[in-house]
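Me: Got a minute? I'd like to go through this structure with you.

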Amino acid sequence: MPSRNPPTPSAPPVQKPGRDEGESVVLERRTQKTKPPQMYQVVMLNDDYTPMEFVIVVIQEFFNKDRETATQIMLKIHLDGRGVCGVYSRDLAATKVNQVMEAANQAGHPLQCVSEPVE
Ligand code: TYC
């Protein structure tokens, strides 16, 4: 099989043509400055009162995990005090936190959930 180069990103934007002293057209290459957006992890905190089953269902429902994965995350939180349920854009992470807090308040459980920048 022929060796291939890795895919190259699209060419960086090029400035409007300018004119140098000798009137020839000069194109200056600008370096690409856009960086990927900051991502936020939604972290759930342990407490002594929220039932394990409630936490499992919340993780399944709002973080789209299967029951086995949700159970593992819940146990990690129970043992370590906190655990990451998912990583999202800032707005979506804030929405997830609100959904969890709303469900916990409705059910009368003290479950706490926060979002924090990754890294
Ligand atoms: N520690 C709780 C209990 O023993 C279970 C629990 C797990 C609570 C995770 C909150 O985020 C949590 N019932």
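Reply: Sure. One definition to start: two strands count as paired if DSSP finds at least two bridges between them. Also, this is a predicted model.

Me: OK. How many bridges join β3 to β5?
Reply: Six, and the two strands run antiparallel. One example: Tyr40 has Pro117 in β5 as its bridge partner.

Me: What holds paired strands together in general?
Reply: Backbone hydrogen bonds, in either a parallel or an antiparallel arrangement.

Me: In what order do the strands of the sheet come?
Reply: β4-β3-β5, in an open sheet of three strands with antiparallel pairing. The edges are β4 (82–88) and β5 (112–117), and each of them pairs on one side only. From one strand to the next, the twist averages 25°.

Me: Which helix packs on the sheet?
Reply: Helix α3, residues 90–107. It touches β3, β4 and β5, and its direction makes about 170° with that of β5.

Me: New topic: Gln41. Where does it lie?
Reply: In strand β3, residues 40–45.

Me: Buried or exposed?
Reply: Gln41 is buried, because its relative accessible area is 17% and the cut-off is under 20%. Leaving aside neighbours within four places in sequence, its contacts include Val84, Gly86, Ser115 and Val118.

Me: And how many disulfides?
Reply: Zero. Cys85 is in none, and its nearest cysteine sulfur belongs to Cys113.

Me: Why no bond for Cys113?
Reply: Its sulfur is 6.1 Å from that of Cys85, so it is too far for a bond. A disulfide needs the sulfurs within 2.5 Å.

Me: Are those two cysteines buried or exposed?
Reply: Cys85 is buried, at 2% relative accessibility. Cys113 is buried too, at 5%.

Technical notes: Residues numbered from 1 in each chain as written. Predicted model: local features only at pLDDT ≥ 70, side-chain atom pairs only at ≥ 80, totals over all residues. Heavy atoms only, no water. Helix = DSSP H or I, 4+ residues; strand = E, 2+ residues; numbered from the N terminus. Buried < 20%, exposed > 50% of the residue type's maximum accessible area, 1.4 Å probe, protein only. Contact = heavy atoms within 4.5 Å. Axes fitted to C-alpha atoms, helices over the stretch in contact; angles between N-to-C directions.
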